[in-house]
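Reader: Could you take me through how the helices pack and how the strands line up in this one? I'd like a close look at that part, no frills.

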Amino acid sequence: EILGTSIILYDQTCATEKRRRRKRGNFPDPQKRVVINDAVCEGCGDCGKKSNCVSISPVETEFGRKRAIDQSSCNKDYSCVKGFCPSFVTIEGGQLRKKTPLISEVLAALPEPVLPSLDSPYGILVTGVGGTGVVTIGALLGMAGHLEGKGIAVLDMTGLAQKGGSVYTHVRIANKPEEIYAVRIAAGEANAVLGCDMIVSTSDEAIAKMQVGKTRGIVNSDVATTSEFTKNPDLHIPVTEMQGVLREAMGEYAGKSAVEFVDASALTSALMGDAIFTNPFVMGYAWQKGIIPLANASIMRAIELNGQAVDKNKQAFDWGRRAAVDLNSVQKMATPPEAKPESQRLSSTIEEMVERRKTHLTGYQNAAYADRYAALVSKVQKLEAEKFPGKKALSVAIARYYFKLMAYKDEYEVARLYADTDFVKRVAAQFEGDYKLTFNLAPPIMSDSDPVTGQERKQVFGPWMMSAFGLLAKFKGLRGTAFDIFGYTDERKMERQLIGDYEKTIEELMSRVSAENYELAVDIASVPEFIRGFGHVKHQHLVDAKKREAELLERFRNPVVGAAREIRVKVAA
């Protein structure tokens, strides 16, 4: 009705800015956080799609890839809870448990490194992601050089990065200011690389600054979650390949690789209680390795002048130094064996894998149910050993995915995974104070449907649910019987049918598998990997997985048709 162009501006403080202000005490900080029970999590990725949040990070466990909330970067917008999954628990009240800093007298006994000479301007490239303090590292190095009366130039290239984007800080150091003719580090001119993020460190922009025989680097081996992970739950980041690229770009120094990798994020989270101190840890590691031409006292004074979390930044720097001298001892202090959940310890052999799953299925239902699982896996193992000596891929796939189908997470199992596991203890290890747990669930009998989407809506249940979980878990013996009130839903009927269908498929694979179609058989046996989630999310994944299975089975049953299809696809490409 109005001529011309109308513009509506929606003005609101963004979640990232809120997080920054909260850390400075300038913005209300709700005493509410979200955690994920990874035992319940199916790794479907619906939470990532709903929130588009990179604070949802992958966790590799014995039972597949799950999810966790990175409390260090969480913006507290709680949109992840909208994911259709019963694994999300809200912590109301209390706060993150403050870890007592691990101070060691050994720090005072660390050897002093030989610092680089400044015969010519020295270039340090700091790489990382926005919001983690990359620019701060450049500022600290710049101030330390200024305090020593050296020539210093610092250039921050942040682009559009506010949080999560690529950031490059160029630091040039010389004996005198007039010796610095250019601020930006030119191609092949970096003497040192402080890689606070693996992905940014292997970008074309960073690699171009490196030169074999000249550049040395310290790179954080942890890979920060990217936005692509929110869309693709199966995203694989080739860490080994990226490390190879960096080794090739920097070559060797004194007979060893010129680049070193350290899992700085995990170490600082464990030692300091917050991954935000990763970058000063990397800086301390690099200084101890002798690739930063500035005095320790100058860097410490620069941290003091910065005025932000002074003591913790100093501690992180010192822990980096200690790790550079004795990484093993630092790793043991940061994460002793008892601190790592059993689920995150991966099996080393198929025998161990099967035994752990038998134990789980016994708790899930009973010993007979577990024996049913083990019997099929054993049958496949014998066949594989006879027909394909030395190969185990088919047995491993069936051991993993037959279990996945048998251990479907119905109401009894979700209850058991809350009541009969160490979930409450793990929450207590992460939080302190007067807090309570609330659960975000969509029970099939009690949930309403969304009038727009027609999908079940999640509801919030109070702490009393833990008692309800304990009671419900005791009725697992009703599963699949006439008295199973949950077993009459379409979803539960489908899950029971999937087990029988998979057993028939495996019998067919065993009768027709050969050297020519072995890899195809492994792919077919692995199809359940893609059946994930709960409710409508699982249904959609099932549709996609069955389509994939049908195509693979057609190729397996009719190899000529399958080969012809592959040729057509290649020609079309």
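Author: Here is a walk through the helix packing, followed by the sheets.

A word on ground rules: this is a predicted model, where local features need pLDDT of at least 70 and side-chain atom pairs count only at pLDDT 80 or more, while totals for chains, interfaces and linings use all residues. Residues are numbered from 1 along each chain as its sequence is written, and side-chain values use heavy atoms, with hydrogens and water left out.

Overall, the protein chain has 21 helices and 14 strands; helices (H or I, at least four residues) and strands (E, at least two) are DSSP runs, numbered from the N terminus. Its radius of gyration is 27 Å, close to the 25 Å that the globule rule gives for 573 residues, so the chain is as compact as a globular protein of that length. That radius is taken over C-alpha atoms, and the rule is 2.2 Å times the number of residues to the power 0.38. Along its principal axes, the C-alpha trace spans about 85 × 70 × 55 Å.

Now the helices. Two packed helices are described by the angle between their axes and the distance between the axes. Axes here are lines fitted to C-alpha atoms, for helices over the stretch in contact, and angles run from 0 to 180 degrees between N-to-C directions.

Take α7 (residues 264–272) and α8 (residues 278–288): their axes come within 9 Å and cross at roughly 110°. That makes α7 roughly perpendicular to α8; angles under 35 degrees count as roughly parallel, over 145 as roughly antiparallel, 65 to 115 as roughly perpendicular and the rest as oblique. The α7/α8 crossing is right-handed. A crossing gets that label if the near helix is turned clockwise from the far one by less than a right angle, and is left-handed if anticlockwise. On the α7 side, the contact (heavy atoms within 4.5 Å) uses A264, S265, L267 and T268, and α8 brings T278, F281 and V282. By class, the contact of α7 with α8 has four nonpolar, three polar and no charged residues. For those classes, Ala, Val, Leu, Ile, Met, Phe, Trp, Tyr, Cys and Pro count as nonpolar, Asp, Glu, Lys and Arg as charged, and the others, Gly among them, as polar.

α8 also packs with α3 (residues 134–147), at an angle of about 45° and with the axes 9 Å apart. α3 and α8 are therefore oblique to each other, and their crossing is right-handed. V134, I137, L140 and L141 of α3 meet N279, P280 and M283 of α8, which comes to six nonpolar, one polar and no charged residues.

Back at α7, there's α11 (residues 327–334), packed at about 50° with the axes 9 Å apart. This pair is therefore oblique, but α7 passes α11 in a left-handed crossing. The residues involved are L267, A270 and L271 in α7 and L327, V330, Q331 and A334 in α11. L267 turns up in the α8 contact and in the α11 contact.

On to the sheets, where two strands pair if DSSP finds at least two bridges between them. An open sheet of six strands runs β6-β7-β5-β8-β9-β12, with mixed pairing. Its edge strands are β6 (151–157) and β12 (259–262), each pairing on one side only. Neighbouring strands here are turned by 10° against each other on average, direction ignored. At the β12 end, four bridges join it to β9 (residues 216–220), and the two run parallel; G217 has V259 of β12 as its bridge partner.

Another open sheet has four strands in the order β1-β4-β13-β14, with antiparallel pairing. β1 (32–36) and β14 stand at the edges with a single partner strand each, so one side of each is left without a neighbour in the sheet. Neighbouring strands of this sheet are turned by 35° on average, direction ignored. In the middle, β4 (residues 88–96) and β13 (residues 431–441) share seven bridges, with Q95 opposite E432. β13 then pairs with β14 (residues 459–461) over three bridges, F439 standing opposite F461 and L441 partnering Q459. Lying across β1, β4 and β13 is helix α16 (residues 423–430), running at about 135° to β13.

Last, β2 (residues 56–61) and β3 (residues 64–69) pair antiparallel over six bridges. They form a hairpin with two residues between them, and T61 has G64 as its bridge partner.
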